[in-house]
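User: I should like to learn how strand pairing and helix packing are read from a model. Please take one feature at a time.

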Amino acid sequence: MNQIKHTTDTTDIIRSGKAVLGIELGSTRIKAVLIGEDNAPLASGAHDWENRLQDGIWTYTLDDIWSGLQDSYAKMAQDVRTKYRVEITNLAAIGFSGMMHGYMAFDKSGRLLVPFRTWRNTITQQAASQLTGLFQYHIPQRWSIAHLYQAVLNGEAHTAQIDYLVTLAGYIHWQLTGERVLGVGEASGMFPIDIKTKDYHAHMIELFDRQIADRGFSWKLGDILPKVLVAGEQAGVLTAEGAGRLDISGKLQAGIPLCPPEGDAGTGMAATNSVAVRTGNVSAGTSVFGMVVMEKELSKVYDEIDLVTTPEGNLAGMVHCNNCTSDLNAWAGLFQEFAECCGISMDMDRLFGMLYRKALEGDPDGGGLLAYNYLSGEHVTGLEEGRPLFVRRPDSRFHLANFMRTHLMASLSVLKTGLNRMLKEEGVKADRITGHGGLFKTKGVAQGILAAAMDAPVYVMETAGEGGAWGIALLAVYMARRQEGESLGDYLENHVFAGQEGTRMEPDPEDVKGFDTFLEAYTRGLPVERAAAAYM
């Protein structure tokens with residue numbers, strides 16, 4: 001067994017309370033990351049969890065939330081003891097983040113009125129459509145305001161008793177500090193933000209209150225939403241009760257400052273140095289989403305584009321797609337099975353590397369092959385259901401290189417369809433895009449194809465793999481250490497990512513042209529995918 005090395009300096013940083021903690025509650029994992037004065041991770045702990053379907057609602061119970069949070073903290077603290085032989089008693093700052101959107105409604109006594117409705121629930125179509133028309137602003141189904149209005153439309157009795165409406169990250173923060181606040185990026189997934197005031201859009205609040213005036217509620221919308229804070233502001237301190245709820249061993253002290261709680265979109269921006277205007281990031285794994293921080297508002301409403309903000313309140317356009325690598329993974333599994341039939345043992349990492357690199361030998365447009373990676377439907381392309389599909393013409397150039405290139409382009413085609421609304425129709429500029437997630441594990445392949453899709457330079461950084469827990473820890477560090485007037489973008493650039501530009505790939509003009517040609521065929525062929533869903 002290898003002895004774990006640790007330094008006196010690191011031990012002193014932890015013992016003296018100079019380390020910073022970030023915890024993110026994701027859809028399948030709660031992760032705690034402790035970072036030092038150089039912003040590098042010192043220790044971590046994780047708790048796996050899954051949402052449950054309860055009475056037709058995807059939810060996590062309060063017991064799920066607290067047991068998972070406490071377990072992730074305990075495992076991080078144990079990691080510290082193992083590596084550095086020291087106990088955590090104090091910290092310089094803490095930050096909490098979580099999966100965005102959803103619905104947690106509480107009465108005046110702090111009682112949860114209905115089970116937590118997560119972002120995954122697609123039960124608010126009527127409300128989302130009506131609010132989009134009312135506000136002339138795209139309201140996705142998963143947003144908190146859509147869940148609230150749908151509950152009102154449904155005549156749910158609990159709506160008359162609401163005293164506080166909040167997201168998961170805001171709930172944790174409230175319980176540990178007593179503060180009813182949210183970071184502006186997380187708040188932008190509850191209700192539209194006015195980027196001039198960095199607060200909820202006042203006119204839209206007024207429109208909503210008028211819309212429900214006949215219901216006779218005692219509350220107004222502005223009274224039940226969390227206060228909005230921007231990155232760098234202090235959002236309260238850990239109370240004695242909160243310290244005991246987080247660290248059940250009782251060692252953690254009260255009084256630690258907390259940054260505004262943020263959502264996973266904001267922490268992803270921080271973790272990839274993508275908070276400045278004209279920067280963006282693409283997260284590509286089982287699903288894929290892309291965000292670009294914009295210089296101005298869009299000229300009209302697009303169903304394909306969700307509008308959120310950075311943790312500082314700058315407007316970002318987001319395209320979220322349900323499908324990305326699952327079909328690619330299935331094909332790789334088929335090739336692995338064939339290799340085993342040939343008596344060749346090959347692990348998946350090596351196999352993916354071989355197949356992805358083979359794609360570099362393919363034609364820029366995939367040689368006339370076509371694939372749809374839809375295990376589920378895609379709202380961007382108007383598909384309610386999906387069927388993974390591969391099709392070719394008799395004269396297509398059918399070989400392994402084109403086959404792999406086609407499937408890689410197909411994995412990003414829905415994203416490109418949505419991003420084209422921003423980048424081409426609206427003229428949104430992206431000087432730098434950072435890719436992260438499993439699709440980019442093989443260096444230089446998916447990165448180059450994404451650069452072609454976006455016609456912009458794409459970076460891949462090693463640190464992006466640290467994830468949202470590291471991102472919220474960086475936001476806590478920014479609150480604790482920033483200089484007066486220093487923006488979040490400048491802080492990240494100068495103190496966190498300095499010298500860590502990562503691998504940069506410029507878009508190849510031939511690849512850009514090839515992807516555009518592929519996307520034209522992909523769009524024309526969507527009726528084939530619809531027919532597959534209808535008849536298969």
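User: In which sense do S1 and strand S6 (residues 93-98) pair, and over how many bridges?

Analyst: Strands of a sheet pair through backbone hydrogen bonds, either parallel or antiparallel. In this predicted model, S1 and S6 pair in the parallel sense, over six bridges. Within this pairing, Val20 has Ala93 of S6 as its bridge partner.

User: Which sense applies to S1 and strand S2 (residues 29-35)?

Analyst: S1 and S2 pair in the antiparallel sense, also over six bridges. The two strands form a hairpin, with three residues between them. Two bridge partners can be located in S2: Ala32 for Ile23, and Ile30 for Leu25.

User: Is strand S1 buried or exposed?

Analyst: Six of the six residues of S1 (residues 20-25) are buried, so the strand is largely enclosed by the rest of the structure. The threshold behind this reading is a relative accessible area under 20%. The two faces may be read separately: Val20, Gly22 and Glu24 lie on one side, Leu21, Ile23 and Leu25 lie on the other, and all are buried. S2 is mostly covered, with five of its seven residues buried.

User: How does S2 pair with strand S3 (residues 41-48)?

Analyst: The pairing of S2 with S3 is antiparallel and extends over seven bridges. Val33 stands opposite Ser44 in S3. S2 and S3 form a hairpin with five residues between the strands, and Asn39 there takes a positive phi near 70°.

User: What is the order of the strands in the sheet?

Analyst: The sheet is open, has five strands with mixed pairing, and follows the order S3-S2-S1-S6-S13. Its edge strands are S3 and S13 (262-263), each of which pairs on one side only. S13 runs parallel to S6, and two bridges join them. In S13, Gly263 is the bridge partner of Gly98.

User: Which strands does helix H5 touch, and which does helix H15 touch?

Analyst: Helix H5 (residues 168-177) packs on the sheet and touches S1, S6 and S13; its direction makes about 145° with that of S6. Helix H15 (residues 467-481) also packs on the sheet, where it touches S1, S2, S3, S6 and S13. The direction of H15 makes about 140° with that of S1.

User: Let us turn to a pair of helices. At what angle do the axes of H12 and H13 cross?

Analyst: Two packed helices are described by the angle between their axes and the distance between the axes. For H12 (residues 348-359) and H13 (residues 400-425), the axes come within 7 Å and cross at roughly 95°. H12 is therefore roughly perpendicular to H13, a class that spans 65 to 115 degrees.

User: Which residues make the contact between H12 and H13?

Analyst: H12 contributes Leu355, Tyr356, Lys358 and Ala359, while H13 contributes Leu400, Ala401, Met404, Arg405 and Leu408. Sorted by class, the contact of H12 with H13 has seven nonpolar residues, two charged residues and no polar ones.

Conventions. Residues numbered from 1 in each chain as written. Predicted model: local features only at pLDDT ≥ 70, side-chain atom pairs only at ≥ 80, totals over all residues. Heavy atoms only, no water. Buried < 20%, exposed > 50% of the residue type's maximum accessible area, 1.4 Å probe, protein only. Helix = DSSP H or I, 4+ residues; strand = E, 2+ residues; numbered from the N terminus. Pairing = 2+ DSSP bridges. Contact = heavy atoms within 4.5 Å. Axes fitted to C-alpha atoms, helices over the stretch in contact; angles between N-to-C directions. Parallel < 35°, antiparallel > 145°, perpendicular 65-115°, else oblique. Nonpolar A, V, L, I, M, F, W, Y, C, P; charged D, E, K, R; others polar.
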